[in-house]
Amino acid sequence: MAALTGPLRFTGRVAIVTGAGGGLGREYALLLAERGAAVVVNDLGGTRSGEGKSSAAADAVVREIKSKGGKAVPDYNSVEEGEKIVKTAIDSFGRIDILINNAGVLRDKSFAKMAVEDWDIIHRVHLRGSFLVTKAAWPYFREQGYGRIIMTASGAGIYGNFGQANYSAAKLGVLGLSNTLAIEGKKYNIHCNTIVPIAASRLTQDILPPDIFDQLKPSLVSPVVAWLCHESCPANGGVFEAAGGWVGKYQWQRSSGKAFIPPDKLTVEAVRDNWNAITDMSNSSTPASLQEQTVALVESLSESVPKAKIPSRKPAAADDDDIFSYDQDKAILYALAVGMSTKEPAALNFLYENADDFRVLPTFGTIAAMGSLFNSSTFREQMEKLNADPTKILHGEQYLELYQPFPPSAVLTSKCRVLDILDKNSGAVAIVEEDTFNEANELIMRTQWSIFLVGAGNFGGKRTTDKGVKVLPPPNRRPDAVFEEKTSIDQAALYRLCGDKNPIHIDPSFAAIGGFPQPILHGLCTLGYATRHVLKQFTNYDVVPFKSVMARFASPIFPGQTLKTEMWKEGNRIHFQSSCVETGKLAISGAYVDLAGIPKPTSVPSTSNPASALKSKYIFKTMAEQLAEMPDLAQKIQAVYEWNILQNGKTAATWTVDLKSGNGKIVEGSIDGVKPGCTLIIEDEDMFALVTGKLDPQKAFMSGKLKIKGNIMLTQKLKPLLSARRKTPLSEGPQVESTPVMKCDSIFIKLGEKLKKNPDLASSIQTVYQWNILKNGKHISTWTLDLKNGVGSVYKGTPKNDKPDCTFILEDDLFTKI
């Protein structure tokens, strides 16, 4: 964030300060008003213990603000009437931007003498009151995408204090509420922080020593609170103490503790015998969130014994997360973990360290790069910015490119960088790229990781990016090869020894937390299997031709299930997808392996088909004809759409659908000076499948086949155009066009004759079919088979009564053969 200069102003902001009739609240209200904010001065006007009410205190502060030229209105409601307080702000100033929950009362008594009423009133004012006022303001903050909230805690809540059991519990409750609101509000630009003030006020006048009381002026706390309320303050979820000119921040500490593994070793005596280790704070950590705490716990429970460090040819390798050392044993373990078996003819080359031609599987590179990725400060910083939960991370896509085969042993160094962050509403997608170097500082591998951060979306970011390698659909034909292999029931237990020790792959209780009935197989293990299938089929396990692999993880499989890999050879690119035989669900989709002799995937292969051969060209011409018959449509829709038609991932044609200017128009290419409100990106084949009903639009979007930039809601307005059909005069009864011109015409005439003999057919089928007949790619004729209205009919032209339930588009010769 760039350094700020000059005075900080609150011009145009509206603030509510509860308990603002005196002490800290008064100082907050005066300072914010002096800096330009309009202030709602809330004070019930009761005593320190919560009895009675009066308007005098709030009125006095309002008069003082107005006398200095500021804006303020009083509010005399209890904080238990939060909606009324917020209503005062909305009625008076039309909005609310800042809420300072400051109101409070005291009922100090020892726990033995404390009555239930003493407990209840403290919680009603401090905790419940803060909840109710914030709850009333929250919808306004969310709708406007901005809000600043201050909660007021106390040292008594953090440390405890004699005679204040009620107050301590309420204040620590306020802190917990504040921390959670900071998490939930972050994506809406709502910041919530907690102030722990120590100041002279009516609540502390007989608690603090007189000489200290005089020094702790409320005006020495208010600048801290004002800064936390300013739009430029980045703090969120923080706890800050302010007193007498001193300001500091709180943070929790946690000992390194002791893990009892296996858990049955945890007994009363074991706790006693390890108490010093459990309570030793000399190597403590400071987790900043529940997620960091959970990650630390998972790491502790995943380590049964200290890991022996592999001797390194570089001194730093033992401690540097960016450095990965391996030998033949690790490479062999990986090969076994992804299903390599001694039954394979080439097995010894991967499983025997003394083999003359010892080889390392290419996907071993994911193990080499993984540690650097998840320990990267760059990646962690992005997660913190997004408030991402490390326990809710999903591996979306994986790319790996090798520039030379892995040697039998090596010391590798990886460096990662974040390519882009995408906002997918339900979560965020981080695209991270890593470069891996050998000891000679030669680049030997590049990987890209697409990581889905569940619950971290809705931060206002972009949905799509041109960065990163993309998955591609397989060819629309039968696969050239299919390979099935059953995984071992212990496959995940074996694979985790390669380094990925997430308990979800071994511990049923952790799997249950993730929503799975049993531990799941690692996605990268599944990828290792599938890539090995490709190498077996097309290179006879020769790793030298391997260039790269790209894959999307669709769903997990369970250890013991059977993996089926379907493969299509297109030149030196092998497309593949893998599914679970037992469930039929895809595990890996949009995947491909590139072998030697083709360009790197970073440059998308160009199409050999000219734009004139695109099937979508006919579709847009038909849309243009339909638009000409709907002159009022553009005035109703008022939007411009751009379609980028791809072939093999590369733009082959661009069409602009202008439903904003005049009567609208559809042209090939872009229109100078016209900016589309919505851009749709789709492969030509998928576009054809979309309009013929073979591809569901929602599924196309969710699977990535249809990408949308800009205002996604504008796509809903396209329905009238896409569903429109030309009108022709109505007629009754089964009808048949005569005088055949094309081969298909005689077939439709015969269909009409058959329909006359089956007058009950339409009532049983209830479907309207449209046939668009082509000649050399050009639309020549349209026929309708109406088995929905009356006794049915067959006629030339588009449907007269309804839009078609099903549309077929095909060549005349092909139709005749069918």
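Before anything else, a definition for later: an axis here is a line fitted to C-alpha atoms, for helices over the stretch in contact, and angles run from 0 to 180 degrees between N-to-C directions. Contact itself means heavy atoms within 4.5 Å.

What you have open is a predicted model, where local features need pLDDT of at least 70 and side-chain atom pairs count only at pLDDT 80 or more, while totals for chains, interfaces and linings use all residues. Residues are numbered from 1 along each chain as its sequence is written, and side-chain values use heavy atoms, with hydrogens and water left out.

**Whole protein**

Start with everything in cartoon. You'll be looking at 26 helices and 27 strands; these are DSSP runs numbered from the N terminus, with helices being H or I of at least four residues and strands being E of at least two. Of the 818 residues, 46% are buried, meaning under 20% relative accessible area, against over 50% for exposed and in between for partly exposed (1.4 Å probe, protein chains only). Switch on the surface: about 39,800 Å² is accessible, 53% of that belonging to carbon and sulfur atoms. Those areas come from the Shrake-Rupley method with a 1.4 Å probe, and for residues only the protein chains shown count as cover. Among contacts with a separation of 6 or more, 70% are between residues 24 or more positions apart.

**The open sheet**

Next, select the 10 strands that form an open, antiparallel sheet, in the order β9-β11-β12-β13-β10-β15-β18-β17-β16-β14. Strands count as paired if DSSP finds at least two bridges between them. β9 (323–326) and β14 (481–486) stand at the edges with a single partner strand each, so one side of each has no neighbour in the sheet. Looking along the sheet, you'll see a twist that averages 20° from one strand to the next.

Zoom in on β15 (residues 546–553) and β18 (residues 586–595): this antiparallel pair is joined by six bridges. Show serine 548 there, and you'll find aspartate 594 of β18 standing opposite.

Now add helix α14 (residues 365–374). Which strands does α14 lie across? They are β9, β10 (393–402), β11 (410–423), β12 and β13, and the helix runs at about 55° to β13.

**Salt bridges**

Time for side chains. The whole structure holds 28 salt bridges, each a side-chain nitrogen of Lys or Arg within 4 Å of a carboxyl oxygen of Asp or Glu.

While you're at the sheet, pick arginine 446 and aspartate 435, whose closest N and O atoms are 2.7 Å apart in a salt bridge. This pair links strand β13 (residues 443–454), home of arginine 446, to β12 (residues 427–437), home of aspartate 435. Aspartate 435 is buried, at 9% relative accessible area. Elsewhere, Arg13, Arg95, Asp97 and Glu231 are joined into one network by salt bridges that share partners.

Then jump to helix α3 (residues 82–93), where lysine 87 and aspartate 91 sit about one helical turn apart because four residues separate them. Their salt bridge is 2.6 Å, N to O, and both residues are exposed.

Compare lysine 109 and aspartate 118, bridged at 3.1 Å. Lysine 109 is partly exposed at 37%, whereas aspartate 118 is buried at 5%.

**Last stop: helix α26**

Finish by selecting phenylalanine 815 in helix α26 (residues 812–817). Is phenylalanine 815 buried or exposed? Buried, with a relative accessible area of 8%. Leaving out residues up to four places away in sequence, phenylalanine 815 touches Cys744, Ile747, Phe748, Trp771, Ile773 and Leu810. Put a distance label to leucine 774, 41 residues away along the chain, and the C-alpha atoms come out 9.5 Å apart.
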